[in-house]
Amino acid sequence: MALFAVHYTYSPSTTDGRDTHRATHRAWLANLLEQKVLVSSGPYVDGSGALIIVEGTDTASVQELFAQDPFALENLIESSTIAEWNPVMGTFA
């Protein structure tokens, strides 16, 4: 399995919606953690977005998975990028 970095960018206009759906979003992420798909996740402290690191087989399957995120289903993500990541040093290497 490869590692993928999923980067979300949030709009200030979706703050209330994210607050409303955060528990469902985090429960969805917790399920990925239990399945050993999620490696690490968290929002940027300035509220501009989030970084989620997951294991996957390819970019298309990660895109398909993240289309099921409650934040995505509620259109609360301004933009997202998914990139295969190759850590060479540190905890994730």
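Is Tyr8 buried or exposed? In this predicted model, Tyr8 has a relative accessibility of 1% and therefore counts as buried. That makes Tyr8 a handy starting point for a tour of the aromatic residues, followed by a look at charged side chains and backbone angles.

The structure holds 5 aromatic pairs. One of them joins Tyr8 to Phe66, with the ring centres 6.2 Å apart and an angle of 80 degrees between the planes. The arrangement is edge-to-face, because planes over 60 degrees apart are classed that way. Tyr8 belongs to strand E1 (residues 2-9), while Phe66 sits in helix H2 (residues 59-66), so this contact ties together parts that lie 58 residues apart in sequence. Like its partner, Phe66 counts as buried, here with a relative accessibility of 5%. Both rings also belong to one aromatic cluster, in which Tyr8 and Phe66 are joined by Tyr10, Trp28 and Phe71.

Turning to charged side chains, a search of the whole structure finds 1 salt bridge. The partners are Asp19 and Arg22, whose closest N and O atoms are 2.8 Å apart; the pair qualifies because the cut-off for such a contact is 4 Å. Where do Asp19 and Arg22 lie relative to one another? Both residues are in helix H1 (residues 15-34), and their spacing of 3 residues separates them by about one helical turn. Neither end of the bridge falls in the buried class: Asp19 is partly exposed at 45% relative accessibility, and Arg22 is partly exposed as well, with a relative accessible area of 26%.

The backbone offers two further points of interest. Most residues other than glycine have a negative phi. Against that background, Lys36 stands out with a positive phi near 65 degrees. Lys36 is located in the loop that runs between H1 and strand E2 (38-43), and a relative accessibility of 67% places this residue in the exposed class.

Which value does phi take at Asn75? The angle is near 55 degrees, again positive in a residue other than glycine. Asn75 is likewise a loop residue, found between helix H3 (70-73) and strand E4 (79-85). With a relative accessible area of 64%, Asn75 is exposed.

Taken together, the aromatic pair of Tyr8 and Phe66 involves residues that are buried, at 1% for Tyr8 and 5% for Phe66. The salt bridge links Asp19 with Arg22, and the positive phi values described here belong to the exposed loop residues Lys36 and Asn75.

Note on methods:
Residues numbered from 1 in each chain as written. Predicted model: local features only at pLDDT ≥ 70, side-chain atom pairs only at ≥ 80, totals over all residues. Heavy atoms only, no water. Helix = DSSP H or I, 4+ residues; strand = E, 2+ residues; numbered from the N terminus. Buried < 20%, exposed > 50% of the residue type's maximum accessible area, 1.4 Å probe, protein only. Phe/Tyr/Trp six-rings, centres within 6.5 Å; stacked < 30°, edge-to-face > 60°.
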